[in-house]
Amino acid sequence: MDTKPLSSQDRILVRETTVDDIAEIVRHRRAMFEDMGVGDARSLDRMASASGPYWQETIAQDCYRGWFAMTAPKQVAGGVGILLQSSPPRPWEVQSRRAYLLNLYVYPGHRRQGIARLLTEASVEWCRREGFATVSLHASELGRPLYQSLGFEPTNEMRLKLR
Ligand SMILES: CC(C)(COP(=O)(O)OP(=O)(O)OC[C@H]1O[C@@H](n2cnc3c(N)ncnc32)[C@H](O)[C@@H]1OP(=O)(O)O)[C@@H](O)C(=O)NCCC(=O)NCCS
């Protein structure tokens, strides 16, 4: 996978993630849910330890693209990813995969410096280049203002909780 810098802002470099980044992707995901107040320590730990095989398989099947914001060669400030989900052709998008943005996380010491914006723009730009008609996501309270400012709009999704 290509790991060259995709864009930079001051001293922040955005690079694509590889299969070697799974531990850091899982750290972001655990911290993201923790900051969102979703789950307790036990369920977050359980999620983290169950995640390795999922990401290994998903990356191996070319169903995930990720990006890290780097402040130094080995210093990750945050990350984001696009899950490529199987989807039947729809009137506005005939390709059989849909782009779903997830795993957006910036470490607290690096927040409010535009890093999430840089990451989100890099991932959306990739989706545009790949020909996707839309990018979907579920927004946290902290993430919503950023997504709104980038043009994301609420959709008609509904959900029935089964437990
Ligand atoms: C949401 C998050 C990724 C934002 O990261 P960030 O690097 O601080 O965001 P940016 O600096 O790029 O800010 C982009 C915009 O987001 C909004 N924003 C960021 N932090 C905010 C905050 N604490 N309160 C209100 N708005 C905020 C602002 O609109 C900001 O635009 P501005 O710079 O013009 O004010 C970060 O707070 C985070 O990791 N939170 C925990 C995990 C999470 O909620 N992830 C999103 C899951 S959907």
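**Exercise 1. How far does a backbone N or O atom of Ala116 lie from an oxygen atom of the ligand?** Then look for other polar atoms around the ligand.

*Solution.* Before you start, note that this is a predicted model, where local features need pLDDT of at least 70, side-chain atom pairs count only at pLDDT 80 or more, and totals for chains, interfaces and linings use all residues. Residues are numbered from 1 along each chain as its sequence is written, and side-chain values use heavy atoms, with hydrogens and water left out.

Step 1. Go to Ala116: a backbone N or O atom there lies 3.0 Å from an oxygen atom of the ligand.

Step 2. Try Arg112, where a backbone N or O atom is 2.8 Å from a ligand oxygen atom.

Step 3. Now Arg111: here a polar side-chain atom sits 3.4 Å from an oxygen atom of the ligand.

Step 4. How much of the ligand gets covered? On its own the ligand exposes 900 Å², and the protein buries 78% of that. Accessible areas come from the Shrake-Rupley method with a 1.4 Å probe, and for residues only the protein chains shown count as cover.

**Exercise 2. Describe the shell of residues around the ligand.**

*Solution.* Step 1. There are 21 residues around the ligand, and Leu104, Arg112, Gly114, Arg117 and Ser140 come nearest. To be near, a residue needs one of its heavy atoms within 4 Å of the molecule.

Step 2. Sort the shell by type: twelve are nonpolar, five polar and four charged. In this sorting Ala, Val, Leu, Ile, Met, Phe, Trp, Tyr, Cys and Pro are nonpolar, Asp, Glu, Lys and Arg are charged, and the others, Gly among them, are polar.

Step 3. Find the elements that give two or more residues to the shell: helix H1 (22-36), strand E5 (97-106), helix H3 (115-130) and helix H4 (144-149). Helices (H or I, at least four residues) and strands (E, at least two) are DSSP runs, numbered from the N terminus.

**Exercise 3. Which residues touch the most other members of the largest nonpolar core?** Work out where the core comes from, too.

*Solution.* Step 1. The core has 25 residues, and Ile82, Leu101 and Leu119 touch the most other members. A nonpolar core is a set of buried Ala, Val, Leu, Ile, Met, Phe, Trp, Tyr and Cys residues joined through side-chain atoms within 4.5 Å.

Step 2. At least two residues each come from strand E2 (12-16), strand E3 (64-72), strand E4 (75-86), E5, H3 and H4. H3 gives the largest share, seven residues.

Step 3. Don't miss the other core, which lies apart from this one: it has twelve residues, among them Ile25, Trp55, Ile59 and Tyr64.

Step 4. Zoom in on Ile82. Not counting residues up to four places away in sequence, Ile82 touches several residues, including Trp67, Leu101, Trp126 and Val135. A contact here means heavy atoms within 4.5 Å.

**Exercise 4. Is Tyr100 buried or exposed?** Check its surroundings as well.

*Solution.* Step 1. Locate Tyr100 in strand E5.

Step 2. Tyr100 has a relative accessible area of 15%, so it is buried. The cut-offs are under 20% for buried, over 50% for exposed, and partly exposed in between (1.4 Å probe, protein chains only).

Step 3. Leaving aside neighbours within four places in sequence, Tyr100 is in contact with Gly81, Ile82, Leu83, Gln85, Ser136, Leu137 and His138.

Step 4. Pick out His138: its side chain makes a polar contact of 2.4 Å with the side chain of Tyr100. A polar contact is a pair of N or O atoms within 3.5 Å; within protein, one must be able to donate a hydrogen and the other to accept it, and residues adjacent in sequence count only if both atoms are side-chain atoms.

**Exercise 5. Look at the phi angles of Asn103 and Arg112, then at how exposed each residue is.**

*Solution.* Step 1. Here's the background: most residues other than glycine have a negative phi.

Step 2. Asn103 isn't a glycine, yet its phi is positive, about 65°. Asn103 is in strand E5 and, at 2% relative accessibility, is buried.

Step 3. Arg112 also has a positive phi, about 60°, without being a glycine. Arg112 sits in the loop between E5 and H3 and is exposed, with a relative accessible area of 84%.
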